[in-house]
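Grab a coffee and open the viewer. Here are some exercises to work through by hand, with solutions to check yourself against.

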Amino acid sequence: MHNCKETRERFTELVLDGDPRAEKLLDQCEECRAEFESLTATLRMTTRLRETVAPTESYWTSYHAQLRSNLEQFHAKAQRLRHAKAQREELKPGLGFVFASLRQPLRLCVKTFLRPVPVPLGVALFAVGLVLALFGIRAPQQPATPPQAPAVVQVPVEVPTVQEKVVTQVVYRDRRRVSKPSKRVINSPTAESTIARSQDTLSGFKPTDEVKLTVIKGGSPNEK
Amino acid sequence: MIVSESDSDLVRRAQAEDIDAFCLLAERYARRIHLLASHYCRHAQDAEDLSQEVWLKAYQALPSFRFESSFYTWLRRITINAFLNHRRSSFFRRGGQTTAVQLVPIDMEAPETFHSSSPENIYNKLLFENVVSALAELTPSQRLSFLLRHYEGMSYDEIANAMNCSAGTVKKGVSRAIGKLRARLSPESEEPETLEFSNAQL
């Protein structure tokens, strides 16, 4: 049974692939055929455009000239880089070169020194070598240079200091108030007894001729 | 009678740093690469720069060509990578605006693309403008999928393999591109802007 939705979903593939089964599918539905033809016409138009829309020959001439110029620049740059790299390699030989140059002297040393020798000679050579080694070890122990002046190293030492502390204390001393007779309080009844008491102790008192009286009013020092 | 050299011979010569041989290869395939680039890029100058860049990259990578496929298949792979990288770089250059489409008078945009100003060529200009505008509404991946499928005849699997995506994604992109083209190129859906421009041209 024909299904329009499924058929139209396959349109793109049918058009682009040029599938011959398309005709069979489209025979069953006129709407699908119209849709398919519209799609084919669109793609045919773009194909025709691809063929007709092309740059002129003069464009291609300048295009290839530009491409050649770019390639030559790139080629020259690559050659310069290659040349510089080769020069660097010439200036800096690798480890292989060092080992190759050392191979021949090493082989000569092995041939010279690793030969079979008689036992007494070997013992004697071993003893000589041992003595030389002992001297070699002891030699650095003897002071070869005169003793140098001891180096002065300044080490900061902390010295304990006695810190005196001054303590200030206010001591209040109990002062006995000396009672002075006041002229003002003479008239008061309690003053009579005071006078009487003082008369007992004022034997031999001789009053002065002048009386100096100062009256203080209120508590303010400015008021007299 | 001049016998043209095969691609393989030219590639061997080019691998030995023969620029002339590489230029001969470029002359053979430059139009196909340029066609793809002109449909991929909105502006003619961008298309020319991109196609030149493809050839430089191909020359740079030529020593790695091992004759396991045809030269054009190898070149097409380089083209796809260059297009995708161009998309990324232009994405960053434009600060994230992937679709910057604007209508520019065709005579200013591609002065040397068309031969003369005959009515047929003017019609082709408008058609080309419509096709490129329709393609510009797609994402770069969808646009490239359509171009490779329709103009290059690659299978969905080949495109998916080249673009590192699934075949379903490619199918969707191609279908979407065809839908856009149909909407643009069908006679009943011409836009007022296009009509005004065509009147000015005619």
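The exercises below go from whole chains down to single residues and back out to the interface, and keep in mind that this is a predicted model.

**Exercise 1. Take stock of the two chains.**
Count the helices and strands in chain A and in chain B, then look up how much of each chain is buried.

Solution.
- Start with chain A: you should find 8 helices and 0 strands.
- Move on to chain B, where the count is 10 helices and 0 strands.
- Now burial. Of the 224 residues in chain A, 7% are buried. For chain B, with its 202 residues, the figure is 34%.
- Finally, check how far apart in sequence the contacts of chain B reach. Taking contacts between residues at least 6 apart in sequence, 62% join residues at least 24 apart.

**Exercise 2. Find the heart of the largest nonpolar core.**
Which residues of this core touch the most other members, and which helix gives the most to the core?

Solution.
- The core holds 56 residues, and the ones touching the most other members are B:F22, B:A26, B:A37, B:Y40 and B:L50.
- The top contributor to this core is helix α2 of chain B (residues 19-40), which supplies 10 residues.
- Pick B:A37 and skip its neighbours within four places in sequence: that leaves contacts with B:A47, B:L50 and B:S51.

**Exercise 3. Work out how α2(B) packs on α3(B).**
Get the crossing angle of the two helix axes, name the arrangement, and list who meets whom.

Solution.
- Helix α3 of chain B spans residues 44-61, and its axis comes within 9 Å of that of α2(B), with a crossing at roughly 140°.
- An angle of that kind puts α2(B) oblique to α3(B); antiparallel would need an angle over 145 degrees.
- For handedness, the crossing of α2(B) past α3(B) is right-handed.
- On the α2(B) side you should have B:F22, B:A26, B:A30, B:I33, B:H34, B:A37 and B:S38; they meet B:A44, B:A47, B:L50, B:S51, B:V54, B:W55 and B:Y59 of α3(B).
- Sorted by class, this contact has 11 nonpolar, 3 polar and no charged residues.

**Exercise 4. Place B:F83.**
Is B:F83 buried or exposed, and what does it contact beyond its sequence neighbours?

Solution.
- First locate B:F83: it sits in helix α4 of chain B, residues 71-93.
- Count C-beta neighbours inside 10 Å. There are 23, so B:F83 is buried, the cut-off being 20 or more.
- Leave out neighbours within four places in sequence, and the contacts of B:F83 are B:Y40, B:L50 and B:L144.
- Now try a distance: from B:F83 to B:C41 is 42 residues in sequence and 9.1 Å between C-alpha atoms.

**Exercise 5. Repeat the packing analysis for α7(B) and α9(B).**
How do these two helices cross, and what classes of residue make up their contact?

Solution.
- The axes of α7(B) (residues 140-150) and α9(B) (residues 167-185) come within 8 Å and cross at roughly 85°.
- That angle makes α7(B) roughly perpendicular to α9(B).
- Among the residues that meet here are B:F146 in α7(B) and B:V174 in α9(B).
- The class tally for this contact is 4 nonpolar, 4 polar and 3 charged.

**Exercise 6. Describe the interface from the chain A side.**
How many residues of each chain are in contact, and which helix of chain A gives the most?

Solution.
- The contact involves 26 residues of chain A and 30 of chain B.
- On the chain A side, the elements giving two or more residues are α2 (11-17), α4 (30-52) and α5 (57-91).
- With 12 residues, α5(A) gives the most.
- By class, the chain A side has 12 nonpolar, 11 polar and 3 charged residues.

Key: Residues numbered from 1 in each chain as written. Chains lettered and ligands numbered in written order. Predicted model: local features only at pLDDT ≥ 70, side-chain atom pairs only at ≥ 80, totals over all residues. Core = buried A, V, L, I, M, F, W, Y, C linked by C-beta atoms within 7 Å. Buried ≥ 20, exposed ≤ 12 C-beta atoms within 10 Å, placed from the backbone. Helix = DSSP H or I, 4+ residues; strand = E, 2+ residues; numbered from the N terminus. Contact = placed C-beta atoms within 7 Å. Axes fitted to C-alpha atoms, helices over the stretch in contact; angles between N-to-C directions. Parallel < 35°, antiparallel > 145°, perpendicular 65-115°, else oblique. Left-handed = near helix turned anticlockwise from the far one by under 90°. Nonpolar A, V, L, I, M, F, W, Y, C, P; charged D, E, K, R; others polar.
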